[in-house]
Amino acid sequence: MSVTIINALRRQCVGQFRLLVLQRQSVLCTRGLRYSPAILSQSKHIKDDFSLLEASNSSEHFGTLSPQVDEPEMLDEGDLREEEFLLNKPTRDQKLSVRQYADLIKDHLKNKRIREALDVIEVRMKQDRVKPVNYHFNLLIGGCARVGYSKKAFQLYNKMKQHGLKVTGGTYTSLFNACANSPFLGDGITRANHLREIMLEKGYEPNESNYNAMIKAYGRCGELKTAFQLVDEMVARRLRVGTDTFNFLLQACISDRELGFRHALLVWHRMHRMKVRPDRYSFNLLLRCVRDCQLGDLETMEQVIEQILSNSIEGHGQQQLITGKEEDISPAIQDDHGEEHLSKQIAPVANELQERLTHEGVPDLLSAKPHLGSLVKLGEVRKPEDRLLLLGGSSNVFAEMAKCGVEPDIRTVTEMLDVIPPTYTAEKHLLTTIKQLKLRCDIDFFNILIKKRSMRFDYEGAKDVLYMIEAANLEPDIVTYGVLALGCQTQEEARSLLKMMQDANVHMNIQILGAMLRQGCIKNNFRYVTEVLNIVKNERLKPNEQFLRHLEDFSKVCEKRDREYDAKPRKKGREEFKMEYNRYRMQLDAWREHMGLHGLALDQALGIVREHPWEQFKQRQEDGFEAVKNPKLRHKRKKQHFIRKVDLDAIDDDEEDQNDGNNMKEVRSLR
């Protein structure tokens with residue numbers, strides 16, 4: 001009986017199961033789904049072929065309230081970083097001290113590794129879970145400031161504030177130095193103005209170093225008016241205005257090429273009145289003003305000279321009465337008896353001023369008691385040697401340095417070499433002075449001497465300097481070959497120089513080839529220009545802006561000559577020029593295509609070859625850099641030697657007949 005009941009129940013369960021299967025198939029068919037017999041047979045063994053999400057949202061099927069979804073195989077990048085951060089905690093031994101991190105930064109900055117120095121804070125200290133202090137930020141801001149990376153310096157300043165670190169006076173000084181050294185003058189001015197506003201908002205009173213850095217920044221960026229106003233602020237706040245401050249003002253004068261010499265004279269005599277003694281750097285900057293800056297309009301320059309002469313006279317009272325003209329002085333002298341005391345004061349001043357204006361000899365606007373010497377025609381003062389004559393010449397400059405207790409160095413005589421007359425006599429006199437002062441010369445001095453002779457087309461004299469270099473026990477450097485290239489007028493001379501460089505194991509650069517290209521363009525030598533282009537191509541050198549400008553100017557000259565020959569078909573030399581010019585154009589087009597400059601205008605080509613000045617700081621130094629350029633050697637001073645063995649008598653003075661004759665005419669016109 002029990003068996004019968006069990007079988008009946010089993011049949012009943014099987015029937016109910018079949019009924020459920022039929023019902024499910026009918027539902028699927030009404031949905032338009034087609035299943036093969038194989039799929040239907042598999043459905044007998046699978047409980048549910050719906051996804052859990054679909055089953056949970058279906059109104060006809062029961063599902064779980066919270067369906068389980070498989071986790072993705074790829075984890076989120078942020079989760080991976082977080083997991084790595086939590087698992088890989090650095091040990092205490094791995095972390096460095098504040099001083100050790102600072103030493104790492106200093107070492108990188110010393111070796112010009114800006115990117116590596118920045119990575120100490122941005123990478124290394126983050127990995128070590130160490131927070132940087134303001135000392136680390138100040139080191140990096142100062143390092144970026146020295147190389148002119150102003151954008152990064154201000155980014156570090158903003159991060160410093162975000163970390164809640166204290167901004168010190170040294171931070172502001174470094175930021176203004178970054179503005180001063182920035183390659184973009186407009187950007188430097190904008191950042192300097194913004195920084196000054198921040199200092200005013202915070203109520204920060206600048207110290208002496210801050211003011212000097214501000215004067216340096218505004219002066220180098222061309223804002224001379226602001227630079228002089230800052231000096232007035234220093235005086236009003238009774239801060240020390242020392243030699244460094246005036247040196248930064250002289251740097252500001254150098255930035256004004258049209259009026260800089262006039263400003264420099266005013267700054268120089270302001271130093272005398274404030275009893276501030278100039279140093280060697282002051283004289284070097286003044287000589288740079290002599291070389292690079294003009295006087296401006298003559299009327300204002302005459303007023304400035306009169307003002308300098310008047311202010312230099314001791315005991316004068318009313319400066320506005322002393323103009324150097326007798327008709328302006330006489331009313332004050334011929335006044336009533338109530339003005340007798342003032343007249344007695346003005347009379348000696350007028351007499352001394354008149355003596356300064358009619359002093360015999362060479363003018364001297366350098367000393368504390370300046371004078372004009374013989375009559376000077378300021379309209380003739382155009383060249384550096386003329387402006388040097390206003391200071392009394394090279395001998396007077398060295399004498400004034402001796403009065404101030406300043407010893408010239410090789411940098412001083414190198415600056416002097418740039419402003420003396422372009423004659424053998426002047427150069428021989430300077431070399432004699434070097435011997436008398438027992439100065440050691442470096443290769444830079446002789447490089448400037450080669451350049452000076454090359455620029456006056458004295459190429460043989462430029463080559464003679466090589467014997468002086470050998471006699472001084474010095475060796476030519478890459479700059480020496482660069483200035484020698486200025487005298488390579490033919491292909492043979494260029495090949496000879498390149499052979500000399502090869503023998504000396506000196507690699508050529510685009511600057512040397514650019515100097516050769518310039519000579520080839522001046523001589524209209526198509527074969528010379530083509531040979532230079534081929535060297536650039538074979539050596540895989542990147543042309544710079546000056547190189548492309550030489551090619552562009554040469555192309556304009558050739559196009560003009562080509563049109564002239566077309567207008568005059570029978571003109572002599574037409575066929576030869578046409579043949580050479582057509583060959584050159586074909587080779588130039590092939591060269592441009594190889595360089596990726598084909599079909600580009602000059603501005604577009606310059607945009608390709610122009611390198612952003614900050615790009616170098618975004619890249620890490622290549623491996624093996626230190627092996628090639630040893631830090632100790634790179635920071636070693638340049639080799640200097642006495643020039644006792646240089647034979648000055650071998651310098652021919654007879655060359656004065658032509659070159660110096662013209663110069664002496666100009667000099668006599670100034671006296």
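Good morning. I begin with helix H22, which covers residues 424-437, in this predicted model. At 1.5 Å a residue, its 14 residues should span 20 Å, and the end C-alpha atoms are 20 Å apart, so the expected and computed lengths agree. Which residues of H22 are buried? They are Tyr424, Ala426, Glu427, Lys428, Leu430, Leu431, Thr433 and Ile434. The buried residues of H22 pack against four helices: H20 (393-403), H21 (410-417), H23 (443-455) and H24 (459-471). After H22 comes Lys438, with a positive phi near 55°.

Let me now turn to the whole chain. The protein chain has 34 helices and 0 strands. Of its 671 residues, 41% count as buried. If we take the contacts between residues at least 6 apart in sequence, 69% of them join residues at least 24 apart.

The next helix is H10, residues 185-201. Its 17 residues, at 1.5 Å each, should span 24 Å; the end C-alpha atoms are 25 Å apart, which agrees. Buried in H10 are Gly188, Ile189, Ala192, Leu195, Ile198 and Met199. These buried residues pack against H8 (150-162), H9 and H11. Just after H10, Gly203 has a positive phi of about 70°.

How do H10 and H11 cross? Their axes come within 9 Å and cross at roughly 145°, and the crossing is left-handed. On the H10 side, the contact is made by Leu185, Ile189, Ala192, Asn193 and Arg196, and on the H11 side by Met214, Tyr218 and Arg220. By class, this contact has 5 nonpolar, 1 polar and 2 charged residues.

One residue of H9, a helix covering residues 169-181, is Ser174. Is Ser174 buried or exposed? With a relative accessible area of 14%, Ser174 is buried, because the cut-off for burial is under 20%. Not counting residues up to four places away in sequence, Ser174 touches Ile141, Gly142 and Ala145.

I move on to the nonpolar core. In soluble globular proteins, nonpolar side chains tend to be buried together. Here, the largest nonpolar core has 155 residues, and the members that touch the most others are Phe445, Phe446, Met516, Phe547 and Leu551. What does Leu551 contact, leaving aside its neighbours within four places in sequence? Leu551 is in contact with Leu517, Val529, Leu533, Tyr584, Leu588 and Trp591.

Leu551 also takes part in the contact between H29 and H30. The axes of H29 (residues 545-567) and H30 come within 11 Å and cross at roughly 145°, in a left-handed crossing. The H29 side of this contact includes Phe547, Leu548, Leu551 and Phe554, together with charged residues such as Glu552 and Arg561. The H30 side includes Phe577, Tyr581, Tyr584, Leu588 and Trp591. In total, the contact of H29 with H30 divides into 11 nonpolar, 1 polar and 8 charged residues.

I close with Gly599, in the loop between H30 (574-595) and H31 (602-609). Gly599 is exposed, because its relative accessible area is 69% and the cut-off for exposure is over 50%. Gly599 and Asp589 are 10 residues apart in sequence, and their C-alpha atoms are 8.7 Å apart in space. Thank you.

How values were computed
Residues numbered from 1 in each chain as written. Predicted model: local features only at pLDDT ≥ 70, side-chain atom pairs only at ≥ 80, totals over all residues. Heavy atoms only, no water. Helix = DSSP H or I, 4+ residues; strand = E, 2+ residues; numbered from the N terminus. Expected span 1.5 Å × (residues − 1). Buried < 20%, exposed > 50% of the residue type's maximum accessible area, 1.4 Å probe, protein only. Contact = heavy atoms within 4.5 Å. Axes fitted to C-alpha atoms, helices over the stretch in contact; angles between N-to-C directions. Left-handed = near helix turned anticlockwise from the far one by under 90°. Core = buried A, V, L, I, M, F, W, Y, C linked by side-chain atoms within 4.5 Å.
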